[in-house]
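Here is my note on the model you sent. Please read it with the structure open beside you.

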Amino acid sequence: MLILITGGSGSGKSSYAESYIDAVSKGMPKYYLATMQVFDEDGRRKVERHRELRKGKGFVTIEQPFSIEEALERMKPGRKSALLECMSNLTANEMFGGSVRVSGKQAADQILQGIGKLQKELEVFVIVTNNVFEDGILYEKSTREYMEALASVNSTLAAMADVVIEVVAGIPVVLKKGEYR
Amino acid sequence: MKLIIGGYAQGKLKYVLQNYCLGADSVWEGTLPTGKPAAETLAGEDEAGVSPVVINRFHIWFRERLEAGEAPEAVIREYVTGNPDCIIISDEVGNGIVPVDALEREYRERLGRILVELAQNAEEVVRVICGLGQKIK
């Protein structure tokens, strides 16, 4: 089962996604696929805050800022679930974080291939993404390319997903309804 | 407390005035009530508590407090506790590219989180898009 959860900054999407996976993956090992790369104090605080939020929820954390499918190598065989947070970081890392700049299209294809591989092995797969599309600012070319890449990943994932939820002020608004909630 | 959120210029205030049958005299613009309402009328004078207070542009008030280095979260919590009938209207500002500027980033994060908290405690949460109210709680 694939669940896509979207929302803006500070919308409460992470904490909702964590309780969601907790509720639907009873008895399975839960992996947390962390994609954020830490460059500064701000990033460190953010990671720390998320770790604090996850504490005691029984996640096994895998740091995977690139090539998301490689997380599989660090998972045990058998039934399992995973929470990927967040698609906006993963997309930025794939495009801008390596030694060569990767095009938005190539990054999106690569990510979706990786997600496909993970999905085959996971009983429950929750992906958190970010709504970065509504601030009305016309950004320069490379940021627009990034936004288009993330938007295309989001739309493809939403089409594949059983459930799509937008979190607004901590409240889940169902965009696509599947088996659960 | 009721919380009304949505994007810029989506008709949030109009929605509130129409749906809760309130007049402009109940509305406070970008500030918490400290004296008389912005669009004060004679009838509204000294009758605070008769009709609920509407705090419009909550996000502007919140941002100004942040810029002044204050902690607006504590202030609004206390206000809502003392005024459980109030209606808070705020823009949603988190649905964009994460800004490079630290204050801008902090504004989006902290406004988002206080809205999550206010929504948790609200009896009703409405998101207004194109003038239409979508009751999400």
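Strands, as named here, are DSSP runs of E with at least two residues, numbered from the N terminus. Keep in mind that this is a predicted model.

1. Start with Ser90(B). This residue sits in strand β4 of chain B, which covers residues 87-91. Is Ser90(B) buried or exposed? Its relative accessible area is 1%. Buried means under 20%, so Ser90(B) counts as buried.

2. Next, look at what surrounds Ser90(B). Set aside its neighbours within four places in sequence. Ser90(B) is then in contact with Ile4(B), Ile5(B), Gly6(B) and Lys12(B). Also in contact with Ser90(B) are Phe58(B), His59(B), Leu111(B) and Leu115(B).

3. Now move to chain A. Leu118(A) belongs to helix α4, residues 104-121 of that chain. Its relative accessibility is 0%, so Leu118(A) is buried too.

4. Which residues does Leu118(A) touch, leaving aside neighbours within four places in sequence? They are Leu33(A), Ile68(A), Glu69(A), Leu72(A), Met75(A) and Phe125(A). Take Leu72(A) as one of them. Leu118(A) and Leu72(A) are 46 residues apart in sequence. In space, their C-alpha atoms are 6.8 Å apart.

5. Then turn to where the chains meet. Chain B brings 20 residues to the contact, and chain A brings 24 residues. Interface size is often given as the accessible area lost when the parts come together. Here chain B and chain A bury about 1700 Å² between them. Carbon and sulfur atoms account for 55% of that area. On the chain B side, Asn95(B), Ile97(B) and Ile136(B) supply 36% of the area that chain B buries against chain A. No other three residues supply more.

6. Check the charged and polar pairs as well. How many salt bridges are there between chain B and chain A? The count is three. One salt bridge joins Arg127(B) and Glu166(A), whose closest N and O atoms are 3.2 Å apart. Between the two chains, eleven residue pairs are in polar contact, with both residues at pLDDT 80 or more.

7. Finally, see which parts of chain B face chain A. Helix α4 (102-121) and strand β5 (124-129) of chain B each supply at least two residues of the side that touches chain A. α4(B) gives the most to this side, with eight residues. By class, the side of chain B that touches chain A has eight nonpolar, five polar and seven charged residues.

Key:
Residues numbered from 1 in each chain as written. Chains lettered and ligands numbered in written order. Predicted model: local features only at pLDDT ≥ 70, side-chain atom pairs only at ≥ 80, totals over all residues. Heavy atoms only, no water. Contact = heavy atoms within 4.5 Å. Buried area = accessible area lost by both parts, 1.4 Å probe. Salt bridge = Lys/Arg side-chain N within 4 Å of Asp/Glu carboxyl O. Polar contact = N/O pair within 3.5 Å; in protein donor to acceptor, adjacent residues only side chain to side chain. Helix = DSSP H or I, 4+ residues; strand = E, 2+ residues; numbered from the N terminus. Nonpolar A, V, L, I, M, F, W, Y, C, P; charged D, E, K, R; others polar. Buried < 20%, exposed > 50% of the residue type's maximum accessible area, 1.4 Å probe, protein only.
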